[in-house]
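Visitor: I've got the sequence and the coordinates open, and I'd like someone to walk me through them. Can we take it one question at a time?

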Amino acid sequence: MNQQLSSKRNSDSMRKSLNTLGSSVAAVILALVICGVLLLITGKNPLMAYGKILETGLTSEKFLEMLKRATPLIFSAIAVAIGFKMNLFNIGVEGQYLFAALISAEMGTHVSLPAPLHVLFILIVAMVSGAAWASIAAILKITRGINEVISTIMLNYIALSFIQWIFETFFRDDSDGGLNVKTTEIAPSGRMPDLVHDRLNGMFIVALFVAFLYWVVVFRSRFGFQLRASGLNPIAARTAGIPAKRMILFALLLSGAVAGLVAMPSVIGDVYAYGPSSTPTQFGFAGITVALLGRNHPFGIVVAAMLFGFLDSTSAVLQLSEIPSSIVKVIQAIIVLVVVIVNEASSRRYNRKIAEQAALSSKSMDVRS
Amino acid sequence: MTQSKNFRLFGLISVALAIVSSVRLWTDQDALTSSDTIGTALRLTVPILLAGMAGLWAERCGVLNIGIEGMMIFGTWFGAWGAWQYGPWVGLLFAILGGMFGGLVHAVATVRFNIDQVISGVVINLFAYFGVRYLSELVYVGKKGGGISQSPPQKSALPKFNLPVLSGGEIAGWKSPDFLGWLEARRWFILGDLGGIARGLTHSISWATVIAIIVVPVSAWVLWRTRFGLRLRSSGESPVAAESLGIKVNRLRYYGLLISGGLAGLAGGTLSIVASSYYRQGQTAGRGFIGLATMIFGNWRPSGILTGAMLFGYAEGIKLVASDSITALFLLIASMSGAFLIYAIIRHKRNQVLLTLSAFLLSAIAYRTIDTVPESLTQSLPYVVTLIVLATANQRLRPPAMAGVPFRPGEPH
C-alpha cells in the first residue's frame, strides 16, 4: 500500500515536472514566433535573424562567452527566487548588488591576506553588505508592514544616489589625476582566478555552487520547508508555529546576501575595482526575468541564465548583419511574458484537473460508505 | 461646516505664506518664491502628476501598476516620433496611444491571463526599455540628429501663453502690462511672494500643462461623482460584491488600465515634446516610480497626488534654478514644523508633537551645520520622503482594498 502510494506520488511529481518543462519549451517557441512576426512587420527577415543567432552562437568561443554572461544572471535570479519562494518580491536586487559591489571593492583594498582568504573576505563582505541593504526593506516590512515591492523600488533609487555620494566623496581613487573613475584596484591576492584565460572567470563555479546550495537549503532543509510553507500558505504556516516575521527577515537577508554576489564577476574577476561606468547595471531586473523563466528551480535558473547569456552573446554579430541588436532583449522580454502567461494557464489547468479528480474520488468514497 | 473648513484652509495658507515670506527675506533667497522657480517647478510637476494619476486609475480599479515607467517610455518614444513627423499636437496623441498600448498589454496579462500584477509590470518596464531601443535602431539611426539613443529634434514646439494683463500676455497684438512681474520685483512681504507664485503659474505656460492640471479635477469627478467611477472603484474595493451586483469587473479593469496607460503615455509625451524637443534614452529617469510614490503619499486621492507632485516638483525645481537655496529650504522646513509643533501642543496631539518636534530639530540642526547638499543625495529625496511617510503614517493610508488581488469572474470565492 505504502509502496503504491509513493510510486503514485513519484509519477505525479514526474508528470508535473514534465508538464512544467513542456510548457516552458512551448512558451519559448511561441515567443520566438511572436518576435518573428514583429521582425516581419518591421521589414526584417526573421528566419535570417534566427539563423544568424544560431550560426554565431554555436561556436566554442561563444560558448565561453555564454557562460560568462550567464554568471551574474544566476546569482541575481537565485536572489530573486529565494524571495519568490516565500511570496516576497525582491525588486531591490539592483540596489543591493551595486551597494555590495562598492563596499566590497573598497574593503578589499584595505586588507592584506593570503590569496584564497582575501577572495573569501571580499565575497563575505559583499554578501553581508547586500544583506544589510536588503535588511532595510525587511525591517520596514516587519515593524511597519510596508509592502516590500514599494520599499525595494524606492530603496533601489536611494541606493543609486547614496552609492554615488559615497563613491564621489570617500572612495574615489584620484591617484592618476581624476582620469580613473574607479576605486583603488584590488591587490592580485584578492582576485578570482580565471578558468579559461580572459574568457571565463572562476566566479562561474561559485555561481553553480550557489545554485546547488540554494537547492539544498530551500528544497531539502527544514528551514527551506518552513520558507516554502510560509510562501504557499502563510496562515497554515503560522498555525503550524512557523514564526512569520523571522521567516521574512531570514528570506530577505538571504536574498540580499546572494544579490551581493551579482557584481563580483566584474569586481574581483575582471575590473578589480568598483566604477560607476565599469560595474554592470540592470542585472537586478534581468534576474527577475531569469528566475521567472527558470520557475525558481536551481536547474531551471541555470538553464534560463544560459539561454539569456546565449542570446546576449550573439547581439554584437547581429549588428554587423544589419539586424538591430536590441531585438535580442526584445526576444527575452517577450519570452518571459509568454512563459509567465503559459505557466499560469497550465498550472491552472493542472490544478483544476487535480480538483476534479479529488472531487470524483471523494464522491466514489461516499457511494462506498 | 464648509464655511469653517474654508476659513481654516485660508488661515493655514496665510500662515504658510507668512513663514515662506519671512524665510525668504531673512535668508535673502528670492529664488524660494520667484516666478522662475515656480514656473520650473510647475513644468517638473506635470509628468510626476500625470504618472501619479496613472497609478491612481490603475489601483482604483484593482490592478497594481508597476509598469507606469515602461508606459511612460512608450509615451516618450511615440510622442517624439509623432511630433517629429506630424507636429507636437499629433505627437501628444501618439504619446497617449503609446502609453495605452502598454496599458493594454498589462490588462491582457493581468486581467485576461491572471498573471501576477507586479511581474507583468516589471516585464513591461523591460519590454518598453528595449523595445523602443529596437525601434530607434530601425527608425532614427542614420537620420540627421538621430541615433540609437535619441530622436532627431522636432521642428516646432507647442505654443505657450502668458495671461494677459497679469503676466504680460498679448491681446490682439497689444502688449498688456506684466502686473505680477512688477509686484514680484518689489519684494514686499507676502505680496512679493504672491506675485512670484502667481506669475510662475501664469507666465509662459504650455497648453500641455493646462491639460495635465485639468486631468486632476476631471479624474476626481469621474471617479467619485459618476456611475462609471463608482463601479470602477468598487471593482478595486470589493470585486466579489461588485460582480454580485452585475458589474462587469474585468471590463472595468480594462478601461481603468487603458486610461492609466494613456495618462502615463501623456506623462512621457510631456517629457519628450514639452520639456525637451526630442526623445532621449532614459528620459523618464524613474519618474514613473516617483509618480507611484506620490500616489502613496497622496493616499490614493487626486488632491493628495497633486500636493505630492507639487512638493517633489518644487524640490526639483528649486534645485535647478538656485542650488544654493537648499539651505534656505532647511530653515523653511524648520519653521513650518515649528508652527505645526505649536499647533500640536495647543491641540494636545501627542503623536504629532513627537513627529513635528523631531522634524523641527532635524531640519534646524541641518540648517545650522550643512552648507551644501550634494546633488547625488537630493536626487533621492522623493523616495526617502515616501518611505518615511509609509513608515510613520501607514495606519492612516487607505489603499483600495483589493488592489493587487487577481479576480476571476464566476469562480467560487
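**A walk through the two chains**

Guide: Sure, starting with chain A, which has 14 helices and two strands. Keep in mind that this is a predicted model.

Visitor: What is the radius of gyration of chain A, set against the globule rule?
Guide: For 369 residues the globule rule gives 21 Å, and the value for chain A is close to that, so chain A is as compact as a globular protein of that length. The C-alpha trace spans about 85 × 55 × 35 Å along its principal axes. The radius of gyration itself comes out at 23 Å.

Visitor: What share of the residues in chain A is buried?
Guide: Chain A has 369 residues to sort. Being buried here takes 20 or more other C-beta atoms within 10 Å of a residue's own. By that cut-off the buried share is 47%.

Visitor: Is A:Tyr97 buried or exposed?
Guide: A:Tyr97 lies in helix H4 (residues 93–108) of chain A. Leaving out residues up to four places away in sequence, it touches A:Gly130, A:Ala259, A:Gly260, A:Val262, A:Ala263, A:Phe283 and A:Gly284. Because A:Tyr97 has 34 C-beta neighbours inside 10 Å, it counts as buried.

Visitor: And how is A:Asp198 classed, buried or exposed?
Guide: A:Asp198 is found in the loop between strand E1 (194–196) and strand E2 (200–201) of chain A. Its phi is near 65°, a positive value in a residue other than glycine. Most residues other than glycine have a negative phi. With 8 C-beta neighbours inside 10 Å, A:Asp198 counts as exposed.

Visitor: How is H7(A) oriented relative to H8(A)?
Guide: Two packed helices are described by the angle between their axes and the distance between the axes. Helix H7 (residues 203–220) and helix H8 (residues 222–232) of chain A have axes 5 Å apart, at an angle of about 65°. That angle makes H7(A), relative to H8(A), roughly perpendicular.

Visitor: Which residues of H8(A) meet H7(A)?
Guide: From H7(A), the residues at the contact are A:Val217, A:Val218, A:Phe219 and A:Arg220. By class, the contact has five nonpolar, one polar and two charged residues. On the H8(A) side, the names are A:Phe223, A:Gly224, A:Leu227 and A:Arg228.

Visitor: How much of residues 200–219 of chain A is helix?
Guide: An unreviewed UniProt entry lists several spans of chain A as "transmembrane region", and 200–219 is one of them. The end C-alpha atoms of this span are 29 Å apart, and 10% of the span is strand. The helix share is 85%.

Visitor: Over to chain B: what is its radius of gyration?
Guide: Chain B contains 17 helices and four strands. The globule rule gives 22 Å for its 413 residues, and chain B comes close, so it is as compact as a globular protein of that length. The C-alpha atoms fill a box of roughly 60 × 60 × 45 Å along the principal axes. The radius of gyration is 23 Å.

Visitor: What fraction of chain B's contacts with a separation of 6 or more joins residues 24 or more positions apart?
Guide: For background, buried residues make up 49% of the 413 residues in chain B. Among contacts with a separation of 6 or more, those between residues 24 or more positions apart account for 73%.

Visitor: Which helix gives the most residues to the side of chain B that touches chain A?
Guide: Here 32 residues of chain B are in contact with 35 residues of chain A. Helix H5 (117–139), helix H12 (287–297), helix H16 (375–378) and helix H17 (381–393) of chain B each give two or more residues to that side. By class, the chain B side divides into 22 nonpolar, eight polar and two charged residues. The top contributor, with twelve residues, is H5(B).

Visitor: How far apart are the end C-alpha atoms of residues 118–136 of chain B?
Guide: The unreviewed UniProt entry for chain B includes 118–136 among the residues listed as "transmembrane region". The span is 100% helix and 0% strand. Its end C-alpha atoms are separated by 27 Å.

Visitor: Last one: how exposed is B:Asn299?
Guide: B:Asn299 is found in the loop between H12 and helix H13 (302–321) of chain B. Its phi is near 55°, a positive value in a residue other than glycine. Because B:Asn299 has 17 C-beta neighbours inside 10 Å, it counts as partly exposed.

Technical notes. Residues numbered from 1 in each chain as written. Chains lettered and ligands numbered in written order. Predicted model: local features only at pLDDT ≥ 70, side-chain atom pairs only at ≥ 80, totals over all residues. Axes fitted to C-alpha atoms, helices over the stretch in contact; angles between N-to-C directions. Parallel < 35°, antiparallel > 145°, perpendicular 65-115°, else oblique. Contact = placed C-beta atoms within 7 Å. Nonpolar A, V, L, I, M, F, W, Y, C, P; charged D, E, K, R; others polar. Rg over C-alpha atoms; globule rule 2.2 N^0.38 Å. Buried ≥ 20, exposed ≤ 12 C-beta atoms within 10 Å, placed from the backbone. UniProt positions renumbered as here; feature names shortened; annotations may be inferred.
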